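Work through the exercises below with the sequence and the structure at hand, and try each task before turning to its solution.

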Amino acid sequence: MVIKHLYASGFGRFRDESIRLGPNINIVYGKNESGKSTLHSFLQAMLFGMDQDNQELFQRYQPWDSQVPYGGRIHLEHQGILYRIDRKFHPNPIVR
C-alpha cells in the first residue's frame, strides 16, 4: 500500500491542509508542537476510524476552528488500484 495524498479539512490544528507523499520513505520532522503527532493521529483515524466512546481522544482532535468539518480524505494505491477514503467524524453519529 502506498499512501499518496492526505487532506485534512479539519483535524486538531490542521485546517484545509494538503500533504503529498512520495512513493518511498517519507520523513516527517519539525519543532515541538508543529503537528507531527497530530498528523500521525489523523492518518490512524482515517485508516482505522476513531473510537467515539473515548470522548477525551475524540475531543482532543476536534478542529480548533469550529467552522470547518471534522475529517478529511486520503488517497492510496494498493496492487495498482487507486482508493479514496473520505471520513467525517461527527460528535453524534447517525446509526442506521
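## Exercise 1: The nonpolar core

The largest nonpolar core of this predicted model has 16 residues, and those with the most contacts inside it are Leu 6, Phe 11, Phe 42, Met 50, Tyr 70, Ile 74 and Phe 89.

Task: find which elements each supply at least two residues of this core, and then list what Leu 6 touches beyond four places in sequence.

Solution. Begin with the elements: β1, α1 and β3 each supply at least two residues of the core. Next, turn to Leu 6, which is among the core residues with the most contacts inside the core. Leaving out residues up to four places away in sequence, Leu 6 touches Glu 17, Ser 18, Ile 19, Leu 21, Leu 39, Phe 42, Leu 43, Arg 73 and Ile 74. One of these residues, Ile 19, is also the bridge partner of Leu 6 in β2.

## Exercise 2: The strand β1 and its partners

Task: decide how β1 pairs with β2 and with β3, in the parallel or the antiparallel sense, and explain why β1 can be called largely enclosed.

Solution. First, take strand β3, residues 71-78, which pairs with β1 in the antiparallel sense over seven bridges; within this pairing, His 5 stands opposite His 75. Second, take strand β2, residues 14-20, which also pairs with β1 in the antiparallel sense, here over six bridges, and in which Arg 15 is the bridge partner of Gly 10. Third, look at the link between β1 and β2: the two strands form a hairpin with two residues between them, and Gly 12 in the turn has a positive phi of about 60°. Finally, eight of the 10 residues of β1 are buried, so the strand is largely enclosed by the rest of the structure.

## Exercise 3: Two residues compared with the cut-offs

Task: place Lys 4 and Ser 41 in their elements, and classify Lys 4 and Ser 41 as buried, partly exposed or exposed.

Solution. Lys 4 lies in strand β1, and its relative accessible area is 34%. Because buried means under 20% and exposed means over 50%, Lys 4 is partly exposed. Setting aside neighbours within four places in sequence, Lys 4 is in contact with Ile 19, Arg 20, Leu 21, His 75, Leu 76, Glu 77 and Leu 82. The C-alpha atoms of Lys 4 and Ile 74 are separated by 7.7 Å, although the two residues are 70 residues apart along the chain.

Ser 41, by contrast, has its place in helix α1, and it is buried because its relative accessible area is 15%, which is under 20%. Not counting residues up to four places away in sequence, Ser 41 touches Phe 11 and Tyr 61.

## Exercise 4: The largest pocket

Task: describe the largest pocket by its volume, by the residues closest to its centre and by the classes of its lining residues.

Solution. Start with the volume, which is about 240 Å³. Of the 14 lining residues, Ile 3, Leu 21, Asn 26, Val 28 and Leu 43 are the closest to the centre of the pocket. The elements that give two or more residues to the lining are β1, residues 2-11, and α1, residues 36-48, and the largest share, four residues, comes from α1. By class, the lining has nine nonpolar, four polar and one charged residues.

Terms used: Residues numbered from 1 in each chain as written. Predicted model: local features only at pLDDT ≥ 70, side-chain atom pairs only at ≥ 80, totals over all residues. Heavy atoms only, no water. 1 Å grid on protein atoms, 1.4 Å probe; cavity = no way out; pocket = protein on both sides within 12 Å on 5 of 7 lines; lining within 4 Å. Points joined across faces, edges and corners; volume = space filled by probe spheres on them. Nonpolar A, V, L, I, M, F, W, Y, C, P; charged D, E, K, R; others polar. Buried < 20%, exposed > 50% of the residue type's maximum accessible area, 1.4 Å probe, protein only. Contact = heavy atoms within 4.5 Å. Pairing = 2+ DSSP bridges. Core = buried A, V, L, I, M, F, W, Y, C linked by side-chain atoms within 4.5 Å.
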